[in-house]
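Biologist: I am new to this structure and would like a close look at one part of it. Please go through that part slowly, and then set it against the rest of the chain.

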Amino acid sequence: MRGGDWLVVLIIAGSVVLALLDGLTAGGISGWMTANLYQTARPVGIALGWIGLVASPLLALPLLGGLWGRFAGLPGRLESVFRKLISVFDGVSTVIGDAARWLALGLVIVTATVVIQRYVFGFASTKLQESVIYMHALLFLLSAGSTLLADGHVRVDIVYAKLSERGKAWTDMIGTYLGLFPMALLILWVSTPYINASWRILERSRESDGLPLVFILKTAIPIFAVLVILQGLASAMRAALTLSGKAAPGHAKAVDQEL
């Protein structure tokens, strides 16, 4: 089993335990969450926001390191830091991508179940229908980092393939700083009050028998932005190493092995 598989097992086990405890306490767990979850989670969200704000100047480090390394040589200590961070960020993207791939299987199974229920048995489950939307959204949002790691995002390649390694590194660096980072930071900034409002009321489905987890689904938006930023940093660090004449760690294989 891969790291992402263990993450899925942990999430499922935690959900089952919470459901059992909620049943044993006659709804005590869900009652506590309704009354206290926002007040408990809000300080954590504020702390994470401040950590991100304080750490944001570090986004410029790969660019500065690449420019310095291109003309004066990359310091050995900085090269070591880059390689360790690339390994960490790649690992995070791989684990979450491995976990997210199970959503594709779930999406197929649940969609087939919904169709059979409706057209064979004349029965419809709102929760199952909404779970298709959840899995579809989470699949794309949570696998964005691993897709970027595998260089799997769609792009129109006219010049890039013909460039030298340093030319590709310059292109990756410029694209990361002019395209990827600004868009991801904008998503993170704009989504913050949106997510806070959803958590404040523990937003649920508009349908009375729908899933009560809309606030959790919306939380995947800033998580998506953070994953893309981290993997963008890894890409920029690879480019910095290449510009400095160093061998950069290669891209990991796409997370497309069989389940």
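**A long helix and the turn after it**

Modeller: Just after helix H7, Leu 202 takes a positive phi of about 45°; helices here are DSSP runs of H or I with at least four residues, strands are runs of E with at least two, and both are numbered from the N terminus. This is a predicted model, in which local features need pLDDT of at least 70 and side-chain atom pairs count only at pLDDT 80 or more, while totals for chains, interfaces and linings use all residues. Residues are numbered from 1 along each chain as its sequence is written, and side-chain values use heavy atoms, with hydrogens and water left out.

Leu 202 is not a glycine, and most residues other than glycine have a negative phi. Leu 202 lies in the loop between H7 and H8, and it counts as buried because its relative accessible area is 17%; buried means under 20%, exposed over 50% and partly exposed in between, with a 1.4 Å probe and protein chains only.

The helix that leads up to this loop, H7, covers residues 165–200, which makes 36 residues. From its first C-alpha to its last, H7 reaches 49 Å, close to the 52 Å expected at 1.5 Å a residue, where the expected span is 1.5 Å times one less than the number of residues. H7 also has a kink of about 40°, centred on Thr 176; the bend at a residue is the angle between axes fitted to the seven residues ending there and the seven starting there. Thr 176 is also one of the buried residues of H7, which include Met 173, Tyr 177, Phe 181, Ile 195 and Trp 199. An α-helix has 3.6 residues a turn, so residues three or four places apart point the same way. The cover over the buried residues of H7 includes helix H2 (28–55), helix H3 (61–72) and helix H8 (214–243).

The loop after H7 also supplies a charged partner for H8. Glu 203 and Lys 218 form a salt bridge whose closest N and O atoms are 2.7 Å apart, a salt bridge being a side-chain nitrogen of Lys or Arg within 4 Å of a carboxyl oxygen of Asp or Glu. Because Glu 203 lies in the loop between H7 and H8 and Lys 218 in helix H8, this pair ties together parts that are 15 residues apart in sequence. Lys 218 counts as buried because its relative accessibility is 14%, whereas Glu 203, at 22%, is partly exposed.

H8 has a further charged link, this time to helix H4. Arg 238 forms a salt bridge with Asp 90, with 2.3 Å between the closest N and O atoms. Since Arg 238 lies in H8 and Asp 90 in H4, the pair joins parts that are 148 residues apart in sequence. Arg 238 is buried, with a relative accessible area of 6%, and Asp 90 is buried as well, with 12%.

Beyond H8, the side chains of Lys 246 and Glu 79 meet in a salt bridge of 3.7 Å, N to O. That pair links distant parts of the chain, since Lys 246 is in the segment after H8 and Glu 79 is in H4, 167 residues apart. Lys 246 counts as partly exposed at 32% relative accessibility, while Glu 79 is buried, with a relative accessible area of 16%. A search of the whole structure finds six salt bridges.

A second positive phi can be set beside that of Leu 202. Ala 26, although not a glycine, has a positive phi of about 55°, and its place is in the loop between helix H1 (3–24) and H2. Ala 26 is exposed, with a relative accessible area of 73%, whereas Leu 202 is buried.

For the wider setting, the chain comes to eight helices and zero strands. Of its 259 residues, 32% count as buried, and the C-alpha trace spans about 65 × 45 × 30 Å along its principal axes. Among contacts between residues at least 6 apart in sequence, 75% join residues at least 24 apart, contact meaning heavy atoms within 4.5 Å.
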